[in-house]
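Me: I'm new to this one and would like a walk through it. Could you take me through the structure step by step?

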Amino acid sequence: MAKKTYDLLFKLLLIGDSGVGKTCVLFRFSDDAFNTTFISTIGIDFKIKTVELQGKKIKLQIWDTAGQERFHTITTSYYRGAMGIMLVYDITNAKSFENISKWLRNIDEHANEDVERMLLGNKCDMEDKRVVPKAKGEQIAREHGIRFFETSAKANINIEKAFLTLAEDILRKLSPSEELDVKQKEKKNQAKKKKKKL
């Protein structure tokens with residue numbers, strides 16, 4: 001039997017308009033890489049990264065969703081199990097910022113009530129092309145009681161900090177009994193997987 005190399009599994013979700021840099025944000029965090037030639041995510045994709053917080057090994061399963069409308073029905077089903085959701089907009093694209101309210105409604109409709117939410121204003125290295133002032137991002141985050149970071153996958157600004165902060169917020173919320181619950185669920189899943197293999 002493979003030894004489990006982590007204590008807790010957190011499922012995170014990246015959402016936002018197409019082209020805001022969700023995939024770049026994810027790759028910068030998971031692989032510390034930046035690639036300007038990403039094609040649009042088709043449907044959904046995910047990466048895994050294990051981090052250590054408060055003496056616990058936490059496996060982050062980070063789902064990257066397609067921003068296009070046509071994949072919308074696929075992606076909403078992924079809101080359900082998410083413990084943390086990062087909503088990304090592009091500071092050089094006003095439309096992606098205007099659509100935040102729509103994405104927040106999606107979270108309210110499809111995600112668990114206690115999901116941790118975070119707002120990211122991406123591409124903050126492109127100051128000369130900025131159309132969304134930082135204060136606007138801060139204001140919408142305040143109104144919804146969520147954390148806010150401006151990030152740049154390209155220049156590696158606040159990417160790790162954002163993910164670790166989100167993971168810490170989820171960890172802080174977990175009561176000892178819920179922590180156990182997460183572990184038990186994981187055990188059940190592994191037992192299921194074993195059965196499948198047999």
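Reply: What follows goes from the overall make-up to a few single elements and then to a pocket. This is a predicted model, in which local features need pLDDT of at least 70 and side-chain atom pairs count only at pLDDT 80 or more, while totals for chains, interfaces and linings use all residues. Residues are numbered from 1 along each chain as its sequence is written, and side-chain values use heavy atoms, with hydrogens and water left out.

Me: How many helices and strands are there in the protein?

Reply: The protein has seven helices and six strands, where helices (H or I, at least four residues) and strands (E, at least two) are DSSP runs numbered from the N terminus. Read from that end, the order of elements is β-α-β-β-α-β-α-α-β-α-β-α-α.

Me: And what share of the residues count as buried?

Reply: Of the 198 residues, 46% count as buried, meaning under 20% relative accessible area, with exposed over 50% and partly exposed in between (1.4 Å probe, protein chains only).

Me: Why is helix α1 said to be largely enclosed?

Reply: Nine of the 10 residues of α1 (residues 22-31) are buried, so the rest of the structure largely encloses this helix. The buried ones include Lys-22, Arg-28 and Phe-29, and just after α1 comes Asp-32 with a positive phi of about 50°.

Me: Changing topic, where is Lys-11, and is it buried or exposed?

Reply: Lys-11 is in strand β1 (residues 8-15), and it counts as buried because its relative accessibility is 18%.

Me: Which residues is Lys-11 in contact with, leaving aside its neighbours within four places in sequence?

Reply: They are Gln-61, Trp-63, Tyr-78, Gly-81, Ala-82, Met-83 and Gly-84, where contact means heavy atoms within 4.5 Å.

Me: What volume does the largest pocket have, and which residues are closest to its centre?

Reply: The largest pocket has a volume of about 530 Å³. Of its 19 lining residues, the closest to the centre are Leu-9, Gly-81, Met-83, Val-182 and Lys-185. On a 1 Å grid over the protein atoms alone, a pocket is an open set of points where a 1.4 Å probe fits, with protein on both sides within 12 Å along at least five of seven lines, and lining residues have an atom within 4 Å of a point.

Me: Which elements give two or more residues to that lining?

Reply: Those elements are β1, α6 and α7 (176-197), and α7 gives the most, with six residues.

Notes:
Grid points are joined across faces, edges and corners, and a volume is the space filled by probe spheres set on the points.
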